[in-house]
Each structure stands twice: as structure tokens, then as C-alpha cells.
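I opened the model to look up how its helices pack, how its strands pair and where a few single residues sit. My entries follow in that order.

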Amino acid sequence: QEDYWRGKVWININFLALKALKHYGQSWKEGAELYTQLRQAIIENMLGQYTKKGYIFEQYDDKSGEGLKHKPFAGWSSLVLLIMAEMY
């Protein structure tokens, strides 16, 4: 049986991580670097999956970045727009 909540990449959790890294990265160099890397990876992967498949997905594979589950999914995955605009 599949464990629905484990091992997948959820954009809402990454949004919260980015928000914290943006805040603490102001005084923590490694945090600022992690913020930049994570933000870029999320945007590139979601844009790549959208370009390839025409959908934004509910979750993404943690290894391949492949879009998984419900599509089109405009719930928390739409947080990518706020991530792109850096609005936390």
C-alpha cells in the first residue's frame, strides 16, 4: 500500500521552508545559499513539468521531479507563483 504523505515533494512545505530560509538567510550565509538553490530548483522543476505535460501537479517525485497525483492541481501548488514573486 502506498504511503500517500511520505517521500513526495509538496509545494506548500517547500514554501514554508523558503519563507524561513529567506528570513534567516539575512544573517546566515548558508541559509541564503540554500534559499537560492531551493527556490531555483522548485521553479525550474515545476515549469519543466508544466511545459512537458501541460499541468501543475499536487506533488512531485523526490528523486526525478516527475509530477504525481492529481492534475490539474491549483491548490497549494499554485504557491509557486508567490515563490516566483518572492512574496512570503
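**Helix packing.** I started with helix α1 (residues 11–24) and helix α2 (residues 29–53), which pack at an angle of about 150° with their axes 9 Å apart. The axes are lines fitted to C-alpha atoms, for helices over the stretch in contact, and angles run from 0 to 180 degrees between N-to-C directions. Helices (H or I, at least four residues) and strands (E, at least two) are DSSP runs, numbered from the N terminus. α1 and α2 are therefore roughly antiparallel to each other. The cut-offs for that wording are under 35 degrees for roughly parallel, over 145 for roughly antiparallel, 65 to 115 for roughly perpendicular, and oblique for the rest.

I then looked up the handedness: α1 passes α2 in a left-handed crossing. Left-handed applies if the near helix is turned anticlockwise from the far one by less than a right angle, right-handed if clockwise.

Which residues make the contact? From α1 I noted Ile-11, Asn-14, Ala-17, Leu-18, Leu-21 and Lys-22. From α2 I noted Gly-31, Leu-34, Tyr-35, Leu-38, Arg-39, Ile-42 and Met-46. Contact means heavy atoms within 4.5 Å. The residues of this contact divide into 9 nonpolar, 2 polar and 2 charged. Here Ala, Val, Leu, Ile, Met, Phe, Trp, Tyr, Cys and Pro count as nonpolar, Asp, Glu, Lys and Arg as charged, and the others, Gly among them, as polar.

**Model and numbering.** This is a predicted model, in which local features need pLDDT of at least 70 and side-chain atom pairs count only at pLDDT 80 or more, while totals for chains, interfaces and linings use all residues. Residues are numbered from 1 along each chain as its sequence is written, and side-chain values use heavy atoms, with hydrogens and water left out.

**Sheet.** Next I followed the strands. An open sheet is formed by 3 strands in the order β1-β2-β3, with antiparallel pairing. Two strands pair if DSSP finds at least two bridges between them. β1 (8–9) and β3 (67–68) stand at the edges with a single partner strand each, so one side of each has no neighbour in the sheet. Strand β2 (residues 59–61) pairs with β3 in the antiparallel sense over 2 bridges. Tyr-60 stands opposite Gly-67 in β3.

**Gln-49.** I found Gln-49 in helix α2. Is Gln-49 buried or exposed? Gln-49 is buried, at a relative accessible area of 6%. Buried means under 20% relative accessible area, exposed over 50%, partly exposed in between (1.4 Å probe, protein chains only). Leaving out residues up to four places away in sequence, Gln-49 touches Gly-54, Tyr-55, Tyr-60, Gly-65, Glu-66 and Gly-67. Two of these names came up in the sheet entry, where Tyr-60 stands opposite Gly-67.

**Glu-58.** Glu-58 lies in the loop between α2 and β2. Its relative accessibility is 5%, which counts as buried. Beyond four places in sequence, Glu-58 touches Tyr-4, Trp-10, Leu-68, Lys-69, His-70, Phe-73, Trp-76 and Ser-77. I also checked Ile-11: its C-alpha atom is separated from that of Glu-58 by 8.1 Å, and the two residues are 47 residues apart along the chain.

**Backbone.** I looked for unusual torsions in the loop between β3 and α3 (80–85), where Pro-72 is found. A cis peptide bond joins Lys-71 and Pro-72, with omega about -15°. Lys-69 is in the loop between β3 and α3. Phi of Lys-69 is near 65°, a positive value in a residue other than glycine. Lys-69 counts as partly exposed at 35% relative accessibility.

Glu-86 also caught my eye, in the segment after α3. Phi of Glu-86 is near 55°, positive in a residue other than glycine. Glu-86 is partly exposed, with a relative accessible area of 35%.

**Glu-2 and Leu-82.** Glu-2 is in the segment before β1 and is partly exposed at 45% relative accessibility. What does Glu-2 touch, not counting residues up to four places away in sequence? I noted Lys-8 and Lys-69. Leu-82 is in helix α3 and counts as partly exposed at 32% relative accessibility. With the sequence cut of four places applied again, Leu-82 touches Phe-15 and Met-87.
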